[in-house]
Every structure is written in structure tokens, then in C-alpha cells.
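Thanks for asking me to look this one over. Below are my notes, as numbered points you can follow with the structure open beside you.

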Amino acid sequence: MLKECYVLKKYRWWFLGTGAVLLLFVSFPFVVIYLLNNGNPYTRYWTEKQVPAHLEAQGYTKGDLLEDHWVLPNYRINNDIYTDGYMVRFKDEPTVTYTYGVKRHGKNVVQYCEKEIEATDIQDSFLISSGPTEHSESTCINHLENR
């Protein structure tokens, strides 16, 4: 019995290290699946914090917005911007959906030039427009640049 305690004490760091490595291997697929389904929590935090503050600085209130929420696109966008986006629809322009993003460096908010415009003649169809609309910002970026 005394000999067994000596062996456990002697090799306890090896047992702990092996257990930690096994835990990493087992948990890695679950972490990857979570990130693919829910996005990066760090970038989501910055997007949900910065964009509403930016809209408030532009003079918009919650009462001016019909809908605003965080989104995660299915494809890679501009490398200067976090992949997460923030979709906004205004009450006075309900058929146009604006998308905002947060820059990786400086955490500045930018509006994408492309806007989804709900088609009036076809049900559940959207058109993509780059032209100016009522709530377009003077400095916008194309979401597919710098890929």
C-alpha cells in the first residue's frame, strides 16, 4: 500500500498532463461546432455594443428602428471587418435593410454600400442595391472588397 502511494505521487504530473490533453482532444470538436453555429462571442460582443452606439450618435433612437439585430453571414466578407454584421430596418423605410459592420482595427462602425430592398411584385424576394437611399451614410464600404 505504501508503495502504491509513492507511485501515484511520483507520476501525478504525468497523469494530470495526460488527462488535460485527452480533455482537449475530446472538447475540441464541440468548441468548433459551437463557433460554427453561434459565431465568435468576442466579435458578437463588439458588434452588439458598437453599432447601436453608432446609430445613437447618428441621431437615431430605438423608436426610429423597425428591426435591429445581430447576424452571422454564411460567407466570408471584407477582411478589414469582423464577419458578424448588424441588420437594421427603419420605420420610415421598411422595405430596405441596412447592414453594418465593425472594423477589426479601431472598432469603428461602417455601413455596407449594398442594401437589401424587398421586391414589391414577388413574394419573399430581395434585390441588392448599392445606390443611395434615405439612411445611406456618406462613407460606406463594399462587403466583398478585400477578400
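1. A word on accessibility to begin with: a residue is called buried under 20% relative accessible area, exposed over 50%, and partly exposed in between. Glu48, with a relative accessible area of 36%, is therefore partly exposed. Please keep in mind throughout that this is a predicted model.

2. Let's start with helix 2, which covers residues 12-38. How far apart are its end C-alpha atoms? They lie 37 Å apart, and this agrees with the 39 Å that 27 residues should span at 1.5 Å a residue. Helix 2 does have a kink, of about 35 degrees, located at Ser27. The proline Pro29 follows shortly after that kink. Just after helix 2 comes Gly39, with a positive phi of about 80 degrees.

3. The UniProt record has something to say about this stretch too. It places a "transmembrane region" at residues 12-36, in an unreviewed entry. Such annotations may be inferred rather than shown by experiment, so please read this one as a label from the record. In the model, residues 12-36 are 100% helix and 0% strand, and the end C-alpha atoms of the span lie 36 Å apart.

4. Next, the salt bridges, of which the count comes to three. As background, side chains of opposite charge can pair when their charged atoms come close. One of the three joins Glu48 to Arg44, with the closest N and O atoms 3.2 Å apart. Glu48 and Arg44 sit four residues apart in helix 3 (residues 41-57), so about one helical turn separates them. Arg44 is partly exposed, because its relative accessible area is 31%.

5. Another salt bridge brings together the side chains of Asp68 and Lys62, at 3.0 Å from N to O. Which of these two partners is exposed, and which is partly exposed? Lys62 is exposed, with a relative accessible area of 60%, whereas Asp68 counts as partly exposed at 21% relative accessibility.

6. Arg89 and Glu67 also meet through their side chains in a salt bridge, 3.1 Å from N to O. This pair links distant parts of the chain: Arg89 belongs to strand 2 (residues 85-90) and Glu67 to strand 1 (residues 65-71), with the two residues 22 apart. Arg89 counts as partly exposed at 22% relative accessibility, and Glu67 is partly exposed as well, with a relative accessible area of 32%.

7. Strand 3 (residues 93-102) deserves a good look. How many of its ten residues are buried? Eight are, so strand 3 is largely enclosed by the rest of the structure. To find its pairing with strand 2, look for Val88, whose bridge partner in strand 3 is Tyr98. Strand 2 and strand 3 run antiparallel and are joined by four bridges. They form a hairpin with two residues between them.

8. Strand 3 pairs with other strands as well. Three bridges join strand 3 to strand 4, and these strands run antiparallel. Here the bridge partner of Val102 is Val109 in strand 4. The hairpin of strand 3 and strand 4 has six residues between the strands, and in that hairpin Gly106 takes a positive phi near 95 degrees. Strand 3 also pairs with strand 5 in the antiparallel sense, over two bridges. In that pairing, Val96 has Ile117 of strand 5 as its bridge partner.

9. Last comes the disulfide, and the structure holds one. Cys113 and Cys140 form it, with their sulfur atoms 2.0 Å apart. The pair links distant parts of the chain, 27 residues apart: Cys113 is in the loop between strand 4 (109-112) and strand 5 (115-118), and Cys140 is in strand 7 (residues 140-141). Is the disulfide right-handed or left-handed? The torsion about the S-S bond is about 95 degrees, so the disulfide is right-handed. As for accessibility, Cys113 counts as buried at 10%, while Cys140 is partly exposed, with a relative accessible area of 30%.

Technical notes. Residues numbered from 1 in each chain as written. Predicted model: local features only at pLDDT ≥ 70, side-chain atom pairs only at ≥ 80, totals over all residues. Heavy atoms only, no water. Expected span 1.5 Å × (residues − 1). Bend = angle between axes of the 7 residues up to and from the residue. Disulfide = S-S within 2.5 Å. Buried < 20%, exposed > 50% of the residue type's maximum accessible area, 1.4 Å probe, protein only. Salt bridge = Lys/Arg side-chain N within 4 Å of Asp/Glu carboxyl O. Pairing = 2+ DSSP bridges.
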